[in-house]
Amino acid sequence: MRLAPWLAAAALCALAGCAAQMVKVEPGQVTVKEALSLNTAHAWNRFELGQQYLSVAPGAAEVWTQDGITLDALAFFVGVAQGETLGRAIAGKKLPAFRSTMTPGEIVELYEQMVTQDGSAFALKRVAPGRFGEQPGFRFEHTITRKSDSVLLKGVGQGAVVKGKLYLVVFTAPSIYYYDRHLPQVEPLIASARIRAP
Amino acid sequence: MQRRPFLLGCGCLALAAATGVRADEYDYQAPPRFSRPDPSSDEGGLWAYMDRQEQQLKRSSFLIRDPALNKYVSDIACRLAGEHCPEMRVYLVRTPYFNASMAPNGMMQVWSGLLVRMQNEAQLSAVLGHEIGHYLQRHSVEGLRDAKSRSSFAQILGIALGVAGGGNLGMLAQAGILASGMAYGRDQEREADRIGIALMARSGYAPAEAGRVWGQLLEESDGAKAAGEDVSTPIILFASHPPQEERREVLAAAAKRDWPGATRTGTDEYRAALAPHRMGFLYDEVRRRRFGESLVLFDRLLQASPRDGQVQYFKGEAYRQRGREGDTKLALEAYRAALEMDNTPPEVHRSLGTVLRQTGEDAEATRAFQRYLELKPDAEDAELIRSYLTGSQS
């Protein structure tokens, strides 16, 4: 089944009462938050977040999707500085602050804290040194069991701390069908990431 | 549908006279077995709603499916419920909050945040007995007929159906809240407390443990306040329950009544039953980031079992993850103490290494990471930890 992205977004907005909309990301060179440039071979839909809560990546700089954000979500966290949180805390919750001396293991913990705020379950499958574009960084693979509907998501994140700031891109999608469907587009996209001095 | 009479006292008078125990408000006689209500009645509607929730719960990934632990908890609930046991189905749910609930259709939910907090079987039986008390007196049906509760019912139903992205606790939690606390008035809670203590004592459990449950929760919320944490969303989800101070006092007083043969605490059995799940439950507990409450809980568990390396490790985790001024030192002390204890998880070495790296004690950090890799060579983060050791990763 392939749900039209606008339909999924509209359904979500109807339920969440938000005024979000999708904006098309054309293939080619794209810049996120004027600090991270990427090269995408495919068109994406950029989910305009507004202020509302999005369980998979609350407070991300941008979230892109192919089939709708409950089916696949590519979240960008760009230039998180010392003392800032990764993502946004939901009501009644607190998130830990990023420190520029954090190990990749601790950064994955930050991500876990963010996505488990709503009671979702996180399991780390693998974390290892890796590259983030041209930078040395880290890569982690994980699963999330979404609290709202018990759907098992698979995810992969790649990131680096550059000049004291954290850059992280995480892709999550249901383990059934959607993750494998979009991963081949996601990998080269993340590999194309270049940090521009903000 | 006519309410069944509350048979308080009447059936037990003869027994009370025979045993020399004064008949009082704790001489509870349960109503006869329940049968399924008429589907067209209000109660029938509530059952149907709960049946649908139960179907969903059965499929939930958050259900703890371990047959041994399920049997253990179900057997306790069954003993408490007596002849009503066949009406009940117990579900264990991995959610790190203190809650148990029982819906009018016999669906009982017990959350992992409750299991990890109880010290023994008697404490668990106090909470389960309380919920069974609500069930036996059919409080949720009474509540449904009350105009005020009807509006909150509609509201909760609305929330449960409307939140696609998941609320704070998700749909099942909403159903759980609906099935328990929110619909009950304080007098119903007091009645359920009295029934709960009677049921637990009748099953041979020491009633003094009931008051301790609430005392423990008070200590935790005091811990949160002392740590300057927000206590507006408390660990306990019994929204309309009487104040915990009152419950602690009333239940402690009730425990002083003569309860022949009610002496069992079941501490060792409880620990053994929980053991396979304890790492996960403690992990979830720290993840809540309610460190004031968690640290009080951990200290209490350590007091009961001073060589518990699992709890000691998570005490260190709480300090490390809180990350306040002075917490690094406290975390290090906790981890080092855990190394001397029993059943300490290998992850303590990784945490120790992580903290030591930050404090610049590189040689000791290296030794800790090496030890972690020796114990868990195939850990999910083994490659990363190796890169720390070889310096190939910044």
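Modeller: Two residues are in contact if their C-beta atoms, placed from the backbone, lie within 7 Å. The model is predicted: local features need pLDDT of at least 70 and side-chain atom pairs pLDDT 80 or more, while totals for chains, interfaces and linings use all residues. Residues are numbered from 1 along each chain as its sequence is written, with chains lettered from A and ligands numbered from 1 in the order written.

Biologist: Among contacts in chain A between residues at least 6 apart in sequence, what percentage join residues at least 24 apart?

Modeller: The count takes in chain A contacts between residues at least 6 apart in sequence. Those joining residues at least 24 apart make up 49%.

Biologist: Is α2(A) largely enclosed or not, and why?

Modeller: A residue is buried if 20 or more other C-beta atoms lie within 10 Å of its own, C-beta atoms being placed from the backbone. Helices are DSSP runs of H or I with at least four residues, and strands are E runs of at least two, numbered from the N terminus. In α2(A), the buried residues include A:Ile107 and A:Leu110. Because 10 of its 12 residues are buried, α2(A) is largely enclosed by the rest of the structure.

Biologist: Which element of chain B do the buried residues of α2(A) pack against?

Modeller: In chain A, they pack against β7, β8, β9 and β10. The partner from chain B is α19 (382–390).

Biologist: Which residues does A:Phe77 contact, leaving aside neighbours within four places in sequence?

Modeller: With those neighbours set aside, the list for A:Phe77 lies within chain A. Its contacts are A:Ala60, A:Ala61, A:Leu86, A:Leu166 and A:Leu168.
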